[in-house]
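Work through these exercises with the structure open beside you. Try each task before reading its solution.

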Amino acid sequence: MSFLRNGPVAAAMLGAAWMVTLAITVAVGVAFVTGEALRPSVLWSLLLGAMLGAGLLFVRLPVAVAVAVAVVIGAVLMVIGIGPILAGDDAGIAAQALAALFLWAGFAIAVLKTNDGLAQGSADRYTFETSCIRFLTGFGYIFFTAIVAIPFWVMLMTSFKSRAEQVANPLDFGIDFSKGRELFRSYEELFTQFDFGLYLANSFLISVITVIVTLLFAIPGAYAVARLRFSGQAAFSRGILLIYMVPMIVLALPIYIAFSVTGLRNSIFGILLIYPVTTIPVALYMLQGYFRGLPAEVEEAGLMDGLSRLKVIWKITLPLSLPALASVSLYVFMIAWNEFLLAFMLLDDPSKFTLTRGIAALNSSEIPRQHLMAGSVIATVPIMALFLGLERFMTKGLTAGSVKG
Amino acid sequence: MKTLLTTTSALVLTASLASAENLRFWTTEEQPERLARQEAMAEAFAAATGHSVEVIPVTESDLGTRATAAFAAGDLPDVIYHTLQYALPWAEAGILDTDAATDVVENLGGDTFSGALELAAVDGGYASVPVDGWTQMIVYRKDLFEANGLEAPTSYDNVRAALAALHNPPEMYGFVAATKVDENFMSQVLEHVFLANGVSIVDGDGVAALDEAATLEVLDFYKDIADASPEGELYWDQSRTLYFSGNAAMIIWSPFILDELAGLRDSAPPTITDDPTSSELAGKTGIVTTFAGPSNPDGAAWGDIRYFGITSDASTDAAMEFVEFSMSEGYGETLAIAPEGKFPVRRGNADNPTEYTDLWATLDVGIDRRAPLGDLYEASVIADIVGGLDVAQRWGVTEGQLATASKVINSQVINRVVRQYIDGEIEGAAAVTALNEAIASVQ
Amino acid sequence: MSDISTPPTGRGALAKGEARLAWGLLFPTITIVAAVVVLPLLAIFWISVKPVQLSDLRAPELVLREDLRRMNVAGDEGSWRFRLRNSSPDRQLRGVSFTDVVPPGIVLGDLPEACALDASVLTCTFGDVDGGWRETLEIPATAAADFDPEVSVRDTAPDTTARSSSVLTDGTFTLANFSRIFDAGEFWDVLYATLFYTIVGTVGAIVMGLFAALLLDKSFRGQGILRGLYLFPYVAPVIAVAFAWIILFDPFSGSANALLLRMGVAGEAINFFGERPLALIMVTVFEIWRYFPLSFLFILARMQSIPQDMYEAADIDGASPFQQFAWISLPQLLGILSVLFLLRFIWTFNKFDDIFLLTGGNAGTRTLTVNVYEQAFAISNIGAGAAVAVVIFACLLGFSFFFFRYISQEEGL
């Protein structure tokens, strides 16, 4: 351990780690943007990263100069044909240059920042760990951003590419703007031929009604559990949680049969009957937690003034709970919007499809993958927009309700 | 008393005429343009009879599950458009009303149908009403075969010779075999290859033990073409894409490929040249329907028939009217959904015995651009693929065990074992044993 | 509310009123939840001990079709045909018979053995018939002078009688469903897949969430944006992200494979969702990817409530960053981590959609929940499907017991 804490050793180690991280990141990033094949070389990365990491500890350079020097080294290595990123068989010069620029400039900045504070001699534990944490932080940002963004990026870009283009080069996610309207062909077809406008409306309507019905049931229930004393309260409260943990697939079979027999299958009304039941327990659970946190004194004052319990709920408790109601509504909306299993099993008729059911129908037949991804984008964008617009409420809702998966 | 009875009956009759039924029709032709055609036909039917028809698309791979579940729930549609593999199992399970189907065939005239009618014969009638059919084809690059002096891929040996000469990945894969076990496509291709070598999973008494030597020939052949295919879970999609991009020498496909191959459909264009509307690839393509293995020099073709099945929950009379309408006035519209893959099983009517075959020949194929098949392919090629339907075989048809064979196929056990063999997980003899056990266990 | 000093008498009345109000408020919820959750659960328990295939849910019925053949005008000699069958291929119908009114203008010839004519009412009896039974009766008939071709025999529907017992309601019980699911070698595969998926998925999501929370537990510009971005996998519809993963990892035209091939990491395309044991690892990775945001959110909220001065004091004492994490953050987070573990464990155990969409349960990824669908719908053996559901429910009760016993009072859940 103490050997590792030696300044140059630590600097070399962190330099090597940075170089490997950046080489992979840049190679993948450039490949995804240009479609060119670049190959990160772990061996070269370790070697050069360690040398330069330690080197920068001895030759203290200002950031700007270090970047310039690093870029020049990168350019020279590129011309020789060695380095942390090697060109694949058919990689163009532009892509290589771009990769080299990002890699070396990024490396210089990252290493200088990380190793700030490390000295030539042995470093104390605090400085050493601070440097390590700086690397881990940088690595973490790159890692998490990449893993989260890449699938969504693929989803979006695939929706613009025809099957032929995709097969020709699966890596090429550039957009050919010269195609103009043709680019949005999938979206156009989904809305004109596949009725996605209707599915969007159905999903929206179903989600909103689910939210309203859920609140109508959950508010009185939650209030009763949180505020009123009655025997069986504790058991009830646990019962809610227990019911809330029964997997839907277990219930799906009897529900399928019961709905078929009663003619509720394949109807939006049937869906509206079942969705709130899946959300009422979670809403009840979230709201009772919130109601418990409200000061009881305000309500008692209301009761003293001669208001009935129901009036108290309506006039005092609800106005105080508006933020919580917003969170619960958003959370329930999200569950209803994203629900797949019940829609898949209960709806057959395209004129009644929700978005998720519509996407499932795109998966199977001879329909191009492009359409499938365009459908996914259409389903994802509204919920994302809602989420980003009302993030504060949404985050609260997620935290309070996330006993549900 | 008599008068009274007559009056009541007459009243009932008028009432039944006035009561327009609302029929539900499940179809596996779920692409929007095909759906639109079926809806148009349904509207024509509604205008003619007053019964409305709701056209409900069902994904083909879900059809079996969905029908069983709907049967259990007493919620079957009135009419189902289904393939041969379901005809007899469903008749046996009580899903189909075979009496109604038999009556429809009688009303239309059994002699106006081609021989394919007998494929779904049950005791005392027919399980379902046959509508259209197609034969599976080996689609190959005639230009490359000629350039290399190869014979057309009509037998195992010819295909192997072509693989040896042409397989050069990743520029050129010798074959694109089906390897995705849960796709119907793999079942179809495998059955074709088994039939080619004369191997059947059934005999007159039900499931039969496979002939080990002949089965090993089939397995080895399938392993050879799978080895000459790209990695991954392959089914019709990759086969077509690779052939269209000029990276495959041979594939097995249905005639539905014929319009796309000629550049008539933008969502699946040939990409071998820069012009996705070119029919150049069609000109370089040869087609084989009858295929032979070493143990069966005569070879065999594989055909599929699609049916209108009237279910046991149907409003029977209206459903029969609908099927009869779709097989006469509306037949042209039914075939026009995709004429390249829907050869008429009903040839004509009482007035003109070739009414519908003549009509079919004039129908345009294609989606984004349209042309009659005759403009795109030589007459001999078309005659070859259409003629295949009359000699096409399926497991269990000649043995009278189609229901059993269909059950085995639908369970996909054969696909799984063959996949294990081509992946090298089991040896040849073990694979035959596993196949026999798997087949015997499906009852 | 804690009004302990209220005299007992008055309190009784008040409490009663309060309890009544509480039940009144809860009544709608209790009713609907009972109808949609409790009843189906009971049904599942019942079905699990019954030898039921999906198609058995429908009781066998007698199906009858009648028509007149070769009779168009008065004087025609034809027949009145009845076709009867038992709708079930394997189950018995008892006491099968029907009666029908002979239409005017039709004179019947010799009656078959099973039938008798009384005035103008035809009665045919068949007794008990087996599954798959079919019978065609052709009764010779002549059209009399008053025969009216417009009148169809179908205008008067025959009365049919047939008794059948439904497997669902009769007294046959069996443990075959359970022995079937436990005996089959695949049960252990299924259990292994479930446990691997659940344990690795849960731990993975929590570890990743902890890492992400540590990253964002400081304020800097763009922190809000990143926090929003990191929640995307959880917020997006599962069907959309599952298909995006399938396309990304497609062995044939997927970018991930193209990248690995071009980088020279892999020699040939990898079938991520189609090969054992890779498919199981991939669905678990997907689970981690999709649910790390949840752990992250929980942990971040808890972290931000740790008093800052604890760290300041540690700084002064010269504790290094890792020491601070190990000695200050971790103990504070232990409570929330264990709650998260149990909750996520239960939910991952229950997860169905993700695997169903990604692999359909193929290639060794069939978990217990996917097995319910597989047994009940794909194989149509709902008895076995229900038995698997019962096993799931039993596990769930076990987990819940732990949850309430050890966790809930601690974190006030």
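The model is predicted.

**Exercise 1. Place N266(A) in its chain, then decide whether N266(A) is buried, partly exposed or exposed.**

Step 1. Find the neighbouring elements. N266(A) sits in the loop between helix 10 (248–262) and helix 11 (268–293) of chain A.

Step 2. Count neighbours. N266(A) has 18 C-beta neighbours inside 10 Å. A buried residue needs 20 or more, and an exposed one has 12 or fewer. N266(A) therefore counts as partly exposed.

Step 3. Check the backbone. Phi of N266(A) is near 60°, a positive value in a residue other than glycine. Most residues other than glycine have a negative phi.

**Exercise 2. Do the same for R70(C): where does R70(C) lie, and is it buried or exposed?**

Step 1. R70(C) lies in the loop between strand 1 and strand 2 (77–86) of chain C.

Step 2. Within 10 Å there are 10 other C-beta atoms, so R70(C) is exposed.

Step 3. Phi of R70(C) is near 55°, again positive in a residue other than glycine.

**Exercise 3. Work out the strand order of the open sheet in chain C and name its edge strands.**

Step 1. Read the order. Four strands line up as 1-2-7-4, with antiparallel pairing.

Step 2. Pick the edges. Strand 1 (62–69) and strand 4 (106–108) of chain C each pair on one side only.

Step 3. Look at the turn between neighbours. Neighbouring strands are turned by 30° against each other on average, direction ignored.

Step 4. Zoom in on one pair. Strand 4 of chain C meets strand 7 (residues 134–143) of chain C over three bridges, in the antiparallel sense. V107(C) has T142(C) as its bridge partner in strand 7 of chain C.

**Exercise 4. Describe the side of chain A that touches chain C.**

Step 1. Count residues. 84 residues of chain A are in contact with 78 residues of chain C.

Step 2. Find the main contributor. Helix 5 (residues 125–158) of chain A gives the most to this side, with 17 residues.

Step 3. Sort by class. This side of chain A has 58 nonpolar, 18 polar and eight charged residues.

**Exercise 5. Which residues have the most contacts inside the largest nonpolar core?**

Step 1. The largest core has 369 residues, and L287(A) and A244(C) have the most contacts inside it.

Step 2. Helix 1 (residues 7–34) of chain A supplies the largest share of this core, 17 residues.

Step 3. List contacts of L287(A). Leaving out residues up to four places away in sequence, L287(A) touches A218(A), I219(A), A222(A), A324(A) and V328(A).

Step 4. Look for another core. A second, separate core has 22 residues, among them V96(C) and L122(C).

Key
Residues are numbered from 1 along each chain as its sequence is written. Chains are lettered from A and ligands numbered from 1 in the order in which they are written. This is a predicted model: local features need pLDDT of at least 70, side-chain atom pairs count only at pLDDT 80 or more; totals for chains, interfaces and linings use all residues. Two strands pair if DSSP finds at least two bridges between them. Helices (H or I, at least four residues) and strands (E, at least two) are DSSP runs, numbered from the N terminus. Axes are lines fitted to C-alpha atoms, for helices over the stretch in contact, and angles run from 0 to 180 degrees between N-to-C directions. Two residues are in contact if their C-beta atoms, placed from the backbone, lie within 7 Å. Ala, Val, Leu, Ile, Met, Phe, Trp, Tyr, Cys and Pro count as nonpolar, Asp, Glu, Lys and Arg as charged, and the others, Gly among them, as polar. A nonpolar core is a set of buried Ala, Val, Leu, Ile, Met, Phe, Trp, Tyr and Cys residues joined through C-beta atoms within 7 Å.
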